[in-house]
Amino acid sequence: MDNIISESLLRRNWRKVAYGGMQPGFDDNHTDESFLEDMVMNANVVKRDILKVMQDSVSISQYLCIVTLVSLVWAHTLQSTLDENSLLLLDASLFGSGFLVLLLTKEMRSLNLLFHYILNISFFTTGLYMLAPIYHPLTRSISSDSIWAVTVTLVILHLFLHDYSGSTIKAPVVLKNPSLTSCVSLNASVVASVFIASRLPSRLHVFAIMLFSLQVFLFAPFVTYCIKKFSFRLHLVFSFGLMAVTLALVYTLHHLLFMLLLGFLVFISVVCPYWLIRIQEYKFEINGPWDEAKLCFNVTD
């Protein structure tokens with residue numbers, strides 16, 4: 001009887017402490033009836049709407065179409081359908097349209113910021129023109145099959161690692177730096193552009209195609225990000241228009257490639273959002289007092 005009383009007294013004296021060692025009469029992993037009272041299930045699970053997920057997936061389909069258009073320009077240039085004068089005219093039109101978009105979206109109100117962009121682009125274009133004689137004979141000793149295989153691999157790597165949520169480059173007024181994966185993606189696209197440019201017949205061809213490729217891979221994500229930030233409806237209209245133009249151009253080139261691209265766009269914009277919504281039903285998250293403490297503020301030091 002005395003043992004039962006002493007055991008009950010010990011059990012009444014049990015306390016939940018983080019540090020303090022074992023308590024007499026209890027195991028080290030002992031828990032009482034109140035252990036599961038603070039358990040919360042699916043506290044951080046975000047309920048997603050399929051329409052919102054489909055709208056967010058438009059950015060991926062949009063950039064896939066941009067890379068497809070770059071590949072079409074590469075193919076026509078290698079087939080001598082586009083000469084260097086046409087490429088230079090295309091480069092100038094892309095520069096002009098890009099600056100116009102930045103002006104209309106109020107990203108370049110300041111004259112100092114506008115001068116900053118113009119100065120950087122001038123240095124960028126001059127350096128690229130000086131490097132064109134080096135890029136021209138760069139892969140002369142490598143077979144064409146190897147060049148095509150490596151280029152396709154680099155483009156696929158670029159698409160997989162690209163940051164579809166924001167801009168590839170850092171704007172002067174933005175504090176957040178690009179992620180490591182987006183930098184690797186950008187480098188892959190630059191190397192692929194160099195490989196394509198090295199198979200062209202003249203140095204002016206090399207300069208024109210490199211300028212075009214770097215304009216798209218460097219500045220197109222920033223321009224599309226500005227459009228999306230300015231108006232989401234305009235972003236949707238621009239994206240669907242770009243998809244229609246890309247599908248039309250691919251259809252004129254090859255019907256099988258058209259079906260493949262159309263299947264990718266439907267898969268990205270319709271099937272993947274549907275799968276994401278369906279698998280949310282099986283998400284099960286448990287939180288409680290046993291979880292590690294999380295900071296409620298950002299550590300800046």
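**Exercise 1.** In this predicted model, work out which residues of helix 9 are buried and what they pack against.

*Solution.* Start with the inward side: His235, Leu236, Ser239, Leu242, Met243, Thr246, Leu247 and Val250 are buried in helix 9. Now look down the axis of helix 9: the buried residues fall within an arc of 135 degrees, so they line one face of the helix. Flip to the face turned away from that buried side and you'll find Arg233, Val237 and Thr252 exposed. Last step, the partners: the buried residues pack against helix 2 (50-56), helix 3, helix 8 and helix 10 (255-279).

**Exercise 2.** Find how helix 3 and helix 8 are oriented to each other.

*Solution.* Take the axes: they come within 11 Å and cross at roughly 165 degrees. Angles over 145 count as roughly antiparallel, and helix 3 and helix 8 are therefore roughly antiparallel to each other. Next, the hand of this crossing: right-handed. Then check who touches whom: the helix 3 residues in the contact include Tyr63, Ile66, Val70 and Trp74, while helix 8 brings, among others, Ile209, Phe212, Val216 and Phe217.

**Exercise 3.** Which residues of helix 6 are buried, and what covers them?

*Solution.* Pick out the buried set in helix 6: Ile147, Thr151, Leu154, Val155 and His158. Down the axis of helix 6, these buried residues fall within an arc of 100 degrees, so they line one face of the helix. Asp145 and Phe160 are exposed on the other side of helix 6. As for the cover over the buried residues, it includes helix 3 (58-78), helix 7 (180-197) and helix 8 (203-230).

Technical notes:
Residues are numbered from 1 along each chain as its sequence is written. This is a predicted model: local features need pLDDT of at least 70, side-chain atom pairs count only at pLDDT 80 or more; totals for chains, interfaces and linings use all residues. Side-chain values use heavy atoms; hydrogens and water are left out. Buried means under 20% relative accessible area, exposed over 50%, partly exposed in between (1.4 Å probe, protein chains only). Helices (H or I, at least four residues) and strands (E, at least two) are DSSP runs, numbered from the N terminus. The arc is that of the directions from the helix axis to the C-beta atoms. Contact means heavy atoms within 4.5 Å. Axes are lines fitted to C-alpha atoms, for helices over the stretch in contact, and angles run from 0 to 180 degrees between N-to-C directions. Angles under 35 degrees count as roughly parallel, over 145 as roughly antiparallel, 65 to 115 as roughly perpendicular and the rest as oblique. A crossing is left-handed if the near helix is turned anticlockwise from the far one by less than a right angle, and right-handed if clockwise.
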